[in-house]
Each structure stands twice: as C-alpha cells, then as structure tokens.
Amino acid sequence: MRRKTLVFGASLKANRYSNYAIQRLIAKEQEVVAFGLKEGEVAGVKIDTQLLEYEDIDTITLYLNKKRQVDYYDYIISLKPNRVIFNPGTENPEFYEILRDNDISFEASCTLVLLATNQY
C-alpha cells in the first residue's frame, strides 16, 4: 500500500539519514514529499523550503532534534498525519504529549530499520 510520507528535516547531503530515508522510501514505492532548509532534489523528490499545506500525509518522519522541533509543533499537528516517527536523536517527550492530545500516534523508531524489516 502506498502511503504519503513527509520527510521533515530532509538533507541534500548523501551521508545524512534523512537523505537515505528518501531513497529507501522511493525504492519501496512510497509517495514522498520533503521539507528541509536547502532547496534541491533527492531521488526525484523535491525538497521544499517553505511549509506547504500537504494533503493526505500518512507519516511524518522527523530528522530534527527536539529543540528545533518546537517551532514546527503547530504545523505538524495541522497536517493531521496518522503517525509521527521520531528517528534516533529526535526523541521528544514534550511533543509526544502534544501528539497524544491531538490523537496522533507516534513512535520512537528508525525509519530505515522499519523499511528494511518490512514494518513500515
């Protein structure tokens, strides 16, 4: 099943996990949109530098540390994703509570591991 994933904190640098996540999601035939600080393209996916009103987001996979997440809480909630994945280094108990209060599921996990083990 194709689900739309927003890679939040996407990087053009090939050695970044967010970059690799985009590549693996595309390889698994998932629909991907991306937000990052620098405009560009990874595996055919345009990295947006403005907060767009994406529709039908199933999963947001975070690649921002918890201090940088604060500015985006309202935006992420407004997208009404089914779940948010907190990749290693992005864990944020404060945001967990906000997501819980908005009936959005979340998990502290690794997108790359979930994809590799067919648990995505």
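Here are three short exercises on the sheet in this predicted model.

**Exercise 1.** Work out the strand order of the open sheet, and find which strands sit at its edges.

*Solution.* Start with the pairings around S4. Strand S3 (residues 40-42) pairs with S4 in the antiparallel sense, over three bridges. On to S2 (residues 31-36): two bridges join S2 to S4 (residues 45-48), and these two run parallel. Now put that into the full picture: seven strands make up the open sheet, ordered S3-S4-S2-S1-S5-S6-S7, with mixed pairing. The edges are S3 and S7 (105-108), each of which pairs on one side only. From one strand to the next, the twist averages 25°.

**Exercise 2.** Pick out residue partners for S4, then look at the turn between S3 and S4.

*Solution.* Take the parallel side first: Ala34 has Ile47 in S4 as its bridge partner. Next, check the antiparallel side, where Val42 stands opposite Val45 of S4. Finally, follow the chain from S3 into S4: the two strands form a hairpin with two residues between them. Within that turn, Ala43 has a positive phi of about 50°.

**Exercise 3.** Which strands does helix H1 touch, and what angle does its direction make with that of S1?

*Solution.* First locate the helix: H1 covers residues 17-27 and packs on the sheet. Then list its contacts, counting heavy atoms within 4.5 Å: H1 touches S1 (4-10), S2, S3 and S4. Last, compare directions: H1 makes about 165° with S1.

Note on methods
Residues are numbered from 1 along each chain as its sequence is written. This is a predicted model: local features need pLDDT of at least 70, side-chain atom pairs count only at pLDDT 80 or more; totals for chains, interfaces and linings use all residues. Side-chain values use heavy atoms; hydrogens and water are left out. Two strands pair if DSSP finds at least two bridges between them. Helices (H or I, at least four residues) and strands (E, at least two) are DSSP runs, numbered from the N terminus. Axes are lines fitted to C-alpha atoms, for helices over the stretch in contact, and angles run from 0 to 180 degrees between N-to-C directions.
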